[in-house]
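Please examine the sequence and the structure shown below before attempting the exercises. Each task is followed by a worked solution.

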Amino acid sequence: MIVIDAASPMPPYEQLRAQLARQIQDRTLAVGTRLPTIRRLAADLGLAVNTVGRAYRELEEAGLIETHGRAGSFVSAAGEQSREQAHRAARDYAAVITSLGIHPTEAIQIVEAALGHAPTP
């Protein structure tokens, strides 16, 4: 279920992109799942077509979905590759943090700040 918070400082396209990305990454949306058309989802959520289109484009650029013309947009198998790439990057980050002697709590705060979830320590 997608919920757009009109009072949120986060733009609607980003709210939509983040929620779909999370559903793909936690496998709520399985590989091969067909997403609603841009027009259908825009109507269902009360958003502009361009807003949903931007979210879909960014998901495509991230490799989480793929669009096959009129057949629609589908959760991409490349999303699994993205997850593996993220795990690899996390392992590399952990190795750097360890070599620098930074405490894991601070390392997590750094990542949260980089993701825009917390102020920079």
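The exercises below concern a predicted model and proceed from the overall arrangement to the packing of helices.

**Exercise 1. Overall arrangement**

Task: State how many helices and strands the protein has, and give their order.

Solution.
Step 1. Counting the elements gives five helices and two strands.
Step 2. Read from the N terminus on, these elements follow the order α-α-α-β-β-α-α.
Step 3. The extent may be added: the C-alpha atoms fill a box of roughly 50 × 35 × 20 Å along the principal axes.

**Exercise 2. Domains and annotation**

Task: Determine which domains are assigned to the protein and what UniProt lists for residues 10–78.

Solution.
Step 1. The domain assignment gives domain 1 as residues 12–75 and domain 2 as residues 80–117.
Step 2. Taken over C-alpha atoms, the centres of domain 1 and domain 2 are separated by 27 Å.
Step 3. For residues 10–78, an unreviewed UniProt entry lists "domain: HTH gntR-type".
Step 4. Over residues 10–78 the chain is 52% helix and 9% strand, and the C-alpha atoms at the two ends are 26 Å apart.

**Exercise 3. Packing of α1 with α3**

Task: Describe how helix α1 (residues 12–25) packs with α3.

Solution.
Step 1. Two packed helices are described by the angle between their axes and by the distance between those axes.
Step 2. For α1 and α3 the angle is about 45° and the axes are 8 Å apart. The pair is therefore oblique.
Step 3. The crossing of α1 past α3 is right-handed.
Step 4. On the α1 side, the contact residues include Leu16, Leu20 and Ala21; on the α3 side, they include Val52, Ala55 and Leu59.
Step 5. Sorted by class, the contact of α1 with α3 comprises nine nonpolar, one polar and four charged residues.

**Exercise 4. Packing of α2 with α3**

Task: Explain why α2 counts as oblique to α3, and name the residues through which they meet.

Solution.
Step 1. The axes of α2 (residues 38–45) and α3 (residues 49–61) come within 8 Å and cross at roughly 120°. Because this angle lies outside the range of 65 to 115 degrees for roughly perpendicular and is not over 145, α2 is oblique to α3.
Step 2. The crossing of α2 past α3 is right-handed.
Step 3. From α2, Ile38, Arg39, Leu41 and Ala42 meet Val49, Val52, Gly53 and Tyr56 of α3.
Step 4. These residues divide into six nonpolar, one polar and one charged.

Key. Residues numbered from 1 in each chain as written. Predicted model: local features only at pLDDT ≥ 70, side-chain atom pairs only at ≥ 80, totals over all residues. Heavy atoms only, no water. UniProt positions renumbered as here; feature names shortened; annotations may be inferred. Helix = DSSP H or I, 4+ residues; strand = E, 2+ residues; numbered from the N terminus. Axes fitted to C-alpha atoms, helices over the stretch in contact; angles between N-to-C directions. Parallel < 35°, antiparallel > 145°, perpendicular 65-115°, else oblique. Left-handed = near helix turned anticlockwise from the far one by under 90°. Contact = heavy atoms within 4.5 Å. Nonpolar A, V, L, I, M, F, W, Y, C, P; charged D, E, K, R; others polar. Domains from an automatic or database assignment.
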